[in-house]
Amino acid sequence: MIRRYNNSPFAQRLVACVAGSLVLALMWGPQEGVQEDYGYAFRQAVLKPRVFVFIALGVGACVLITYWPRIRPYLGRPGVSPTFVGGLTVVASYTLLQWDSQIGNGKLGTVNTAISSADGISPLAAAFYGWLHWVLFLVTFVVAAAATMRRIAILAWVGAGLALVSGVIAFYAHSLAVEFTGSDDHSFGAVGALIGFLTIAVACATSALSPNQVARGRAVFSQLLDWRPGLLVAAAGTLAGLLSFSSNTWIAPQGVNATFSDTYALFEGSDLSAVALAYLQWLGWALFFVTAVVSLVACYLRLRWLGWIGAVLGIVSVVLTLLTLNRISTLAPSLNIVGSTGPWQNLGAGGWFACFAFSLLAAGAAVAATTPGLEKTRLPSGAPASKAGQTAAAMGQRIGSTNKSLILIGIAIALFYPPTMTDFWQKVLVTEIGVYVLLAVGLNVVVGWAGLLDLGFIAFYAIGSYTTAYLVGSLPHKPPSWLHMTPLLAIPFAVGVCLLAGLALGAPTLRLRGDYLAIVTLGFGEIIRIAAINNPFNLTNSTRGPSPTVPHPVIHMGPLSIKWGLNNLQYWYLLLVIIIIVVVLFYRLEGSRIGRAWAAIREDEIAAQASGINTTRVKLLAFAIGASTSGITGVFFASQVGYFNPDNFVLNNSILVVAYVVFGGMGSLAGAMAGAAVLTWLPEFLKDQVPADDRQMWIGAILLLMMIFRPAGLLPAKRRKAELSGFGVAASSETRAVPVSEGL
């Protein structure tokens with residue numbers, strides 16, 4: 001009998017899942033093991049309730065795997081996927097995000113411990129932080145999951161109502177708790193829970209309204225965006241504007257914590273300019289309501305001329321908001337407002353969220369203005385005016401409006417979200433995320449488009465940095481007086497030097513492929529690093545690095561004078577401009593003749609050569625163009641940090657950039673940027689969530705899950721996705737084997 005159970009696939013699967021859940025129970029929480037007693041961590045995990053939670057998760061995973069063929073058809077129904085996404089968002093907000101940034105680690109359990117025994121706390125807040133939050137989530141999630149999987153319309157509307165009520169209760173209970181503690185809170189736990197519950201509500205509404213039995217790809221998001229192009233964006237801008245003008249802090253978040261109306265009271269009767277004072281008194285609200293009404297009406301009625309008016313109003317409102325923020329932050333020190341030191345300092349999130357809201361309203365109106373109505377859809381010249389042709393043309397325009405909406409939303413976030421971050425996250429954004437996004441974009445040319453595995457890419461980054469240090473006079477050998485320049489002027493020189501270095505690497509390695517090419521490029525990267533350490537002819541100053549440090553960029557053009565280095569935000573906007581220029585150029589390059597030649601070489605170099613492609617020239621161009629991007633990144637890095645040494649350019653960094661490209665999606669510009677952003681953000685985020693010794697283990701687990709469930713990457717290129725799943729083949733959870741010739 002024992003042998004029969006041992007040979008049972010279900011028994012083996014159950015044992016594996018339970019054992020894995022026990023390991024996760026040991027991983028969760030603070031590091032509890034000690035060298036003198038290796039069983040301490042195990043006893044702590046077993047004696048605490050969390051082990052039963054993880055065992056239940058393991059048994060659930062076993063059941064899910066066993067009955068997956070029966071469960072899978074239900075998961076493809078409208079609203080099911082966003083229901084689970086919303087549920088995961090709520091769970092993440094409960095367990096990972098902070099609910100009060102001034103109480104301990106800010107987690108929900110810590111806040112509950114702090115307020116549960118306090119007198120005078122609201123019963124609703126006490127109940128929510130104690131037990132109600134999990135009850136609301138479980139009831140809402142179970143009802144929503146059952147409704148969407150079973151397609152019960154009435155139950156779906158009940159789930160939508162429960163989700164809305166639960167989200168409001170979570171947000172309101174958090175407000176009551178913050179009001180009771182009187183803390184200067186800047187946490188995002190309540191916002192995350194609200195977003196999760198709203199996602200579940202939208203999923204339930206979609207399930208109740210959709211006539212389809214099977215959800216089409218990205219059905220929830222696409223249907224909302226395509227119903228009235230730009231309307232969802234304008235609605236989001238309206239909601240953000242209401243929050244900004246009604247409750248968010250505009251100035252002195254660490255002091256008086258003044259909202260929009262409080263800010264007017266602070267500056268009334270001061271020397272503030274008439275326009276800024278009017279904005280705080282009535283003009284801000286007036287601009288918001290007018291812009292919101294014009295944009296929403298233009299999107300709903302599809303009035304193109306009204307859309308252009310809404311876009312102009314939104315842009316003008318952003319300019320006036322920025323002008324007001326500059327004036328109040330400049331005047332605040334003379335009024336002795338706590339924490340104010342000068343222009344653009346001590347500002348709260350309210351003003352930046354107002355700019356974000358006006359940007360979304362302008363974006364929604366612009367999408368409505370540039371998307372013709374269905375009655376104006378034109379087919380190509382000579383095409384038959386069939387219903388199918390009209391449908392295809394309309395679908396193409398809807399896809400275009402969706403892409404425009406996403407691009408404009410991304411630009412608005414990139415412009416106005418970073419100022420609301422803490423100094424730590426601003427530094428991470430500039431020195432980690434932004435730099436590696438640029439490097440990943442450059443390496444994507446070599447690895448993703450041309451199919452050449454380069455493990456020494458960080459060497460070009462080092463060459464760009466040292467070229468900048470030489471041209472600004474920070475190395476032992478000084479440039480001639482006519483060649484001495486500021487960092488920004490060094491960009492074309494660094495690009496040129498890295499381009500030549502790329503040609504120097506590419507020329508001897510043209511005959512190599514696969515692992516052999518990887519080994520040679522790896523050696524090239526190490527040669528550059530070791531040469532920088534050995535300091536030949538006293539060129540690099542060895543491990544001492546540039547001395548004096550590389551100066552910050554400066555621009556003097558008549559009355560315009562800009563000096564970087566005061567804070568990280570200045571460098572972020574410079575980096576944003578560089579990224580946008582590089583991405584636009586590379587996007588055009590991908591669809592050009594050279595880009596198609598790279599794709600042909602990646603698929604089959606012999607066939608590409610037989611078809612007339614000069615493979616030698618095209619491969620050299622891939623190395624040169626990819627290396628030139630590292631040159632730009634090296635200029636930015638050297639001028640931003642000022643000091644660096646060869647330890648900044650180790651082999652591990654080259655391998656990380658390759659991992660970012662593969663994780664995001666080889667051959668995809670958006671995927672390379674997303675992979676670099678996620679994998680550079682994740683370790684910094686996990687610093688406050690898991691013990692330091694366990695951090696790499698969690699990152700490795702995430703990478704393994706990606707390899708299993710999304711082998712093409714986060715945002716894969718269409719061609720790469722087709723290689724792994726095939727054309728016209730139904731999606732499958734099984735990972736397909738990829739031939740060696742189709743890999744790296």
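**Close-ups of loops and helices**

**View 1. Trp344 sits in the loop that links helix H15 (304–331) to helix H16 (349–370).** Like the other views here, this one shows a predicted model. Look first at the backbone: phi of Trp344 is near 65°, a positive value in a residue other than glycine. Most residues other than glycine have a negative phi. Is Trp344 buried, partly exposed or exposed? Its relative accessible area is 39%, and because the partly exposed range runs from 20% to 50%, Trp344 counts as partly exposed.

**View 2. Asn535 and Pro548 share the loop between H21 and E1.** Helix H21 covers 514–534 and strand E1 covers 554–557. Asn535 is not a glycine, yet phi of Asn535 is positive, at about 60°. How accessible is Asn535? Its relative accessibility is 13%, and because buried means under 20%, Asn535 counts as buried. Further along the loop, look for the peptide bond from Ser547 to Pro548: this bond is cis, with omega near 0°. In general, most peptide bonds are trans.

**View 3. Ser21 is a buried residue of helix H2 (residues 9–27).** With the cut-off for buried at under 20%, the 4% relative accessibility of Ser21 explains why Ser21 is counted that way. Which residues does Ser21 touch, leaving aside those up to four places away in sequence? They are Phe54, Ile55 and Gly58. With Phe54 there is a detail to look for: a polar atom of the Ser21 side chain lies 3.5 Å from the backbone oxygen of Phe54.

**View 4. Helix H8 (residues 123–150) packs with helix H9 (residues 153–181).** The two helix axes are 9 Å apart and make an angle of about 160°. Angles over 145 degrees count as roughly antiparallel, so that is the term for H8 and H9. The crossing of H8 past H9 is left-handed. In their contact, 21 residues are nonpolar, 4 are polar and none is charged.

**View 5. Helix H26 (residues 651–664) packs with helix H27 (residues 669–686).** Here the angle is about 120°, and the axes lie 7 Å apart. H26 passes H27 in a right-handed crossing. Which residues meet in this pair? From H26 come Ala659, Tyr660, Phe663 and Gly664, and from H27 come Gly671, Ala672, Gly675, Ala676, Val678, Leu679 and Thr680. Sorted by class, the residues of this contact are 7 nonpolar and 4 polar, with no charged ones.

Notes: Residues numbered from 1 in each chain as written. Predicted model: local features only at pLDDT ≥ 70, side-chain atom pairs only at ≥ 80, totals over all residues. Heavy atoms only, no water. Helix = DSSP H or I, 4+ residues; strand = E, 2+ residues; numbered from the N terminus. Buried < 20%, exposed > 50% of the residue type's maximum accessible area, 1.4 Å probe, protein only. Polar contact = N/O pair within 3.5 Å; in protein donor to acceptor, adjacent residues only side chain to side chain. Contact = heavy atoms within 4.5 Å. Axes fitted to C-alpha atoms, helices over the stretch in contact; angles between N-to-C directions. Parallel < 35°, antiparallel > 145°, perpendicular 65-115°, else oblique. Left-handed = near helix turned anticlockwise from the far one by under 90°. Nonpolar A, V, L, I, M, F, W, Y, C, P; charged D, E, K, R; others polar.
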